[in-house]
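Colleague: I am new to reading protein models, so please pick one part of this one and take me through it slowly. I would like to see how the residues there fit together, step by step.

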Amino acid sequence: MSHRRRPAPRRTLTTSIALASIGLGACAISDLASFLGDPFGDISDEVRDLDEGQLESMMGELMLRFRSYLALRDAVPFADIAPDACVLASSDDGVAFTVEADVGCIFGGRVSPASGTLIVTQEQLATNPVPVFRFDLTYVDVIVGDVSVSGTEKITETDDTDGASVRKIDLVQNGRTLKYEFRAGFANEGTLPVFDYTLPSPDGDVFARITNPSTPGGFVAVILTGLDGQLDCEIRNSLWTPERLPRGTCDNGVVFGLPD
C-alpha cells in the first residue's frame, strides 16, 4: 500500500464533467458528511478470543472485498473515466450531471478485451461547512482485461482534511456477487491510507480497519475492534485468489491461513 495521498474522485473522475452545485440548507451537515473519526457500523461481537477457523473465514471475506476492489480500480481508474472523445451521451437536469461512456473507446487502445458501458452521475450535496459530493457509477457489462463487472458503485465524498469517502458496492465482478459498504480515507495528516468495514463475525459484527503493514513481508495490517477491545493482525504478502485463504497472524497468538 502506498503512502501517497489518493486524489479525491471529484478531481479525477473526468475533466469533462462540470460539477452541479446545489444548496441543501435544510440538511444538517452531519447527515451528509463522513469523517474517519465517526462511528462506522454497529459492533455486536467480541474479537479477542477468535480462533483460527473464525479468523480464516473473516479474513477471507475481508480480502475478497479489498482485493476485488483494488482489481476494479486498477482496471477502471477514476482518472480515465469518460474522456470527451468516448462520451456517448450526457444530460444535466440542474441538480446532477450524467455521462454515458463507451468502455471500448476508453481502454481499447491499451488492453484487450475492452467493452461495455459506464454511466457516471455526479452532484454536489452540500457546500458548508465542508463540501460533500455524490457519485453514482453504473457498470453495464463492462469488461477490461481480466476484470468483468456489472452493477453499481455509489460514492459519497467529504472534501475535508479528515473527510472520508463512503462507497456502497452492489456488483457482480468476475462472477462473484459483492454487496457491502466501506469507508476510505487518510489518517496521520493525510499520510496513512485506511479502509474501514463492518465485518460479519461468529455472533454479530465487528469493525475492521485495513492499513499499511508494520513488518517486512506484510501485505496489510488489519485492526479488528469488538465489544472486548482490539485485535491487531497482519496479513502476509502471499499468493492470493478468491479460493485461497489469506495468511497471517494476530496478537492473540493465532496463526491463520497455513496449509494443512
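Modeller: Let's start with a charge and a ring: Arg-73 lies over the face of Phe-78, 4.2 Å from the ring centre. Please keep in mind that this is a predicted model. A similar arrangement involves Arg-67, whose charged end sits over the ring of Phe-219 at 3.9 Å from its centre.

That brings us to the rings themselves. Counting rings as a pair when their centres lie within 6.5 Å, we get six aromatic pairs. One of them is Phe-66 with Phe-195: the ring centres are 5.2 Å apart and the planes meet at 70 degrees, so this pair is edge-to-face. Now look at where the two partners come from. Phe-66 belongs to helix α2 (residues 52–75) and Phe-195 to strand β8 (residues 192–201), so the pair ties together parts that are 129 residues apart in sequence. Both Phe-66 and Phe-195 are buried.

Phe-66 has another ring partner, Phe-219. Here the centres are 6.2 Å apart and the planes are at 65 degrees, so this pair is edge-to-face too. Phe-219 sits in strand β10 (residues 218–226) while Phe-66 is in helix α2, so the pair ties together parts 153 residues apart in sequence. How buried are these two? Residues count as buried under 20% relative accessible area; Phe-66 has 3% relative accessibility, so it qualifies, and Phe-219 is buried as well because its value is 15%. Elsewhere, Tyr-69, Tyr-180, Phe-182 and Tyr-197 form one aromatic cluster.

Next comes strand β9 (residues 204–211), the home of Arg-209. β8 and β9 run antiparallel and are joined by seven bridges, and a hairpin of two residues connects them. As an example of a bridge, Leu-199 is partnered in β9 by Val-206. β9 also pairs with β10, again in the antiparallel sense, over five bridges; there, Thr-211 has Ala-221 as its bridge partner in β10. The hairpin of β9 and β10 has six residues between the strands, and in it Gly-217 takes a positive phi near 90 degrees. Six of the eight residues of β9 are buried, so this strand is largely enclosed by the rest of the structure.

Within β9, it is worth pausing at Arg-209. Its side chain makes a polar contact of 2.6 Å with the side chain of Asp-196. Beyond its close sequence neighbours, Arg-209 touches several residues, among them Leu-36, Arg-183, Phe-195 and Ala-221. You have met two of those names already: Phe-195 as a ring partner of Phe-66, and Ala-221 as the bridge partner of Thr-211.

Two more strand residues help to finish the tour. Glu-157 lies in strand β5 (residues 147–158) and is buried, because its relative accessible area is 4%. Its side chain is joined to that of Ser-165 by a polar contact of 2.6 Å. Leu-171 is in strand β6 (residues 165–173), and at 2% relative accessibility Leu-171 counts as buried. The C-alpha atoms of Leu-171 and Glu-153 are separated by 7.5 Å, although these residues are 18 residues apart along the chain. Leaving aside neighbours within four places in sequence, the contacts of Leu-171 include Leu-72, Tyr-139, Val-149 and Leu-178.

As you follow the strands on screen, one general point helps: in a regular strand, side chains alternate between the two faces of the sheet.

Definitions and conventions. Residues numbered from 1 in each chain as written. Predicted model: local features only at pLDDT ≥ 70, side-chain atom pairs only at ≥ 80, totals over all residues. Heavy atoms only, no water. Helix = DSSP H or I, 4+ residues; strand = E, 2+ residues; numbered from the N terminus. Polar contact = N/O pair within 3.5 Å; in protein donor to acceptor, adjacent residues only side chain to side chain. Contact = heavy atoms within 4.5 Å. Buried < 20%, exposed > 50% of the residue type's maximum accessible area, 1.4 Å probe, protein only. Phe/Tyr/Trp six-rings, centres within 6.5 Å; stacked < 30°, edge-to-face > 60°. Lys NZ or Arg CZ within 6 Å of the ring centre and 35° of its normal. Pairing = 2+ DSSP bridges.
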